[in-house]
Amino acid sequence: MNILEIGNIVKAEVTGVENYGIFVKVNDEYNGLIHISEISEGFVKNVEDFAKIGDEIYCKILDIDNEEHNMKLTIKNLNYKNNKKKFNETIRGFSVLKDNLDDWIEEKKKEIEKNQQN
């Protein structure tokens, strides 16, 4: 069982999706809300674009009410679908991709050429 402390990242199951946020269950003991303002740095037009009922996601704990077994959570700047910190969303949006795409393409081309020679 994960330690439930503010700042920790926990695995959760999506139990509800509303236009104002995502409801989750953590460790079959706590319920949590990821408010729409804690989903993305950018504008969230449709909450269902981020999660659906039954999805397993990773969330960061912002606040815990141990008496009521409720949590406030965030998925901002997390790779919430698989918890691998490959890319974090930033206010810059897609500029990370724009800045690196040409280099990544060249690396992949070299890798493909190398594999074709072997």
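## Helices and salt bridges

Helices here are DSSP runs of at least four residues, numbered from the N terminus. Keep that in mind as you look at this predicted model, because helix 1, residues 95-117, is home to both Lys 109 and Glu 106.

What is there to look for? Side chains of opposite charge can pair when their charged atoms come close. In this structure, the count comes to three salt bridges.

## The strand-to-strand pair

Start with Lys 11 and Glu 56, which form a salt bridge with their closest N and O atoms 3.2 Å apart. Lys 11 sits in strand 1 (residues 9-18) and Glu 56 in strand 4 (residues 56-65), so this pair ties together parts that are 45 residues apart in sequence.

Are these two buried or partly exposed? Lys 11 is partly exposed, at 39% relative accessible area, and Glu 56 is partly exposed too, at 47%.

## Two pairs in helix 1

Now hop over to helix 1. Lys 109 makes a salt bridge with Glu 106, and their closest N and O atoms are 3.7 Å apart. The two residues are three apart along the helix, which is about one turn. Lys 109 has 43% relative accessibility, so it counts as partly exposed; Glu 106, at 40%, is partly exposed as well.

Glu 111 and Lys 108 also meet through their side chains, with 3.2 Å from N to O. Because they are three residues apart in helix 1, about one helical turn separates them. Glu 111 is partly exposed at 40%, and Lys 108 is partly exposed at 43%.

Definitions and conventions. Residues are numbered from 1 along each chain as its sequence is written. This is a predicted model: local features need pLDDT of at least 70, side-chain atom pairs count only at pLDDT 80 or more; totals for chains, interfaces and linings use all residues. Side-chain values use heavy atoms; hydrogens and water are left out. A salt bridge is a side-chain nitrogen of Lys or Arg within 4 Å of a carboxyl oxygen of Asp or Glu. Buried means under 20% relative accessible area, exposed over 50%, partly exposed in between (1.4 Å probe, protein chains only).
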